[in-house]
Amino acid sequence: MKIPFVSFFPMERELDSELRIAFDRVFARSWYVEGVEGETFEKAFSAYCGTKYCVGVGNGLDALMLALKALGIGEGDEVIVPSNTYIATALAVTYVGAKPVFVEPDIRTFNINPKRIEVAITSSTKAIMPVHLYGQACDMEPIMETARKYSLKVIEDCAQAHGATYKGHKVGTFGDAAGFSFYPGKNLGALGDAGAIVTNDKELADKVHALGNYGSDYKYHHIYKGNNSRLDELQAAFLTAKLPLLDKMNGERRRIAERYLNEIKNRKVMLPIVSDGMVPVWHIFGIRCTDRDALEKYLNERGIGTNKHYPIPMHLQECYIDLGFKEGDFPIAEEISRTELSIPMYYGMTEEEIRYVIDTINSF
């Protein structure tokens, strides 16, 4: 049996007519940037998240970067980020001229450990950027308490967590702003690059919108040294078509995850822990195994697609050699990098496929 790590086909078949109608609507209107489709999606997505404002941008990295920029964070500032995440989180900090400060995760959940944040705070710290990794919310209450104690901004990285909740509230509603990616593989994905920030602060939303539009508040009038990062009309229309299906798709991911959590029983395999009060959306289902590479080979040889998130931790990436870190400086992130293996998780997996993944892992 062949099971890919991810497949878009079941979702795209279900939404085929809606996506074609969305394309035809945009094409017929012949207006492709900064139009009604973008406004429609922004209103729908802010309502879905439970925030007052949403601003569409070009991608998830730009969402984080523009939020930081709009909050006035820049040269000489420090931003706390998890040591275990995709590099875009740190790059957003670098792009505004600030320094990313890495804080280790809880190895059971893969998310930043709130108990380790305070010791990393200095007089230069201006913000905390928690990442709701793999679709499970961070423990936001202690993070927000620390932020309030030290008057820090909080920018949530929600790139993998569309619709995830923490104690009954959706991610993206806790900090000053939140960045989302709509890369095609996300739980809510466009058919190309796309992103957005959500916030309850109108001034911040307006500033992000201007910064993403060449720093312009109206045509040919530039109040900031901005960027070109806008959610185009076609991707906005596709996202509007897909948004009503998001909760159904997330619910299916949770059902598959429950099967994995309850039925994978191999002493060599460590399963993720779901913390109290969390309702994950399982963008990624990551297991850990000390024989990770052997397990990956075993699964691949039997037709099961896998991935590793992430095989090189950020502090050991060549692009961050200037920060001066060496192997052993962030041992938990390094341990996750050595042992994490992501197994198939996507909307439309069949019962036969789920059963095959479970049985094959258990036979390793």
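**Close-up 1. His309, a buried loop residue.** With a relative accessibility of 10%, His309 counts as buried, since buried means under 20%. Keep in mind that this is a predicted model, here and in the other views. His309 sits in the loop that runs between α10 (292-301) and α11 (331-339). Its side chain makes a polar contact with the side chain of Ser342, at 2.7 Å. Leaving aside residues up to four places away in sequence, His309 touches Phe5, Tyr134, Ile284, Ile336, Glu340 and Ser342. So Ser342 turns up both as the polar partner of His309 and in the list of residues that His309 touches, while Ile336 falls within the 331-339 stretch of α11.

**Close-up 2. Helix α8, mostly covered.** Here we look at α8, which spans residues 233-242 and has eight of its ten residues buried. Those eight are Glu233, Gln235, Ala236, Ala237, Phe238, Leu239, Ala241 and Lys242. What do they pack against? The buried residues of α8 pack against four helices: α1 (9-14), α2 (16-29), α3 (36-49) and α9 (246-263). At the N-terminal end of α8, Asp232 acts as a cap, with a side-chain oxygen 2.9 Å from the backbone nitrogen of Leu234.

**Close-up 3. Glu352, out on helix α12.** Glu352 belongs to helix α12, residues 351-362. Is Glu352 buried or exposed? Its relative accessibility is 57%, so Glu352 counts as exposed. For a sense of place, take Ala236, one of the buried residues of α8: Glu352 and Ala236 are 116 residues apart in sequence, and their C-alpha atoms are 35 Å apart in space.

**Close-up 4. Helices α4 and α7, packed together.** A pair of packed helices is described by two things, the angle between the axes and the distance between them. For α4 (residues 60-70) and α7 (residues 202-211), the angle is about 120° and the axes are 9 Å apart. That angle makes α4 oblique to α7. The crossing of the two helices is right-handed. Which residues make the contact? From α4 come Leu66, Ala67, Lys69 and Ala70, and from α7 come Leu204, Lys207, Val208 and Leu211. Sorted by class, six of the contact residues are nonpolar, two are charged and none is polar. In an α-helix there are 3.6 residues a turn, so residues three or four places apart point the same way.

Note on methods
Residues numbered from 1 in each chain as written. Predicted model: local features only at pLDDT ≥ 70, side-chain atom pairs only at ≥ 80, totals over all residues. Heavy atoms only, no water. Axes fitted to C-alpha atoms, helices over the stretch in contact; angles between N-to-C directions. Parallel < 35°, antiparallel > 145°, perpendicular 65-115°, else oblique. Left-handed = near helix turned anticlockwise from the far one by under 90°. Contact = heavy atoms within 4.5 Å. Nonpolar A, V, L, I, M, F, W, Y, C, P; charged D, E, K, R; others polar. Buried < 20%, exposed > 50% of the residue type's maximum accessible area, 1.4 Å probe, protein only. Polar contact = N/O pair within 3.5 Å; in protein donor to acceptor, adjacent residues only side chain to side chain.
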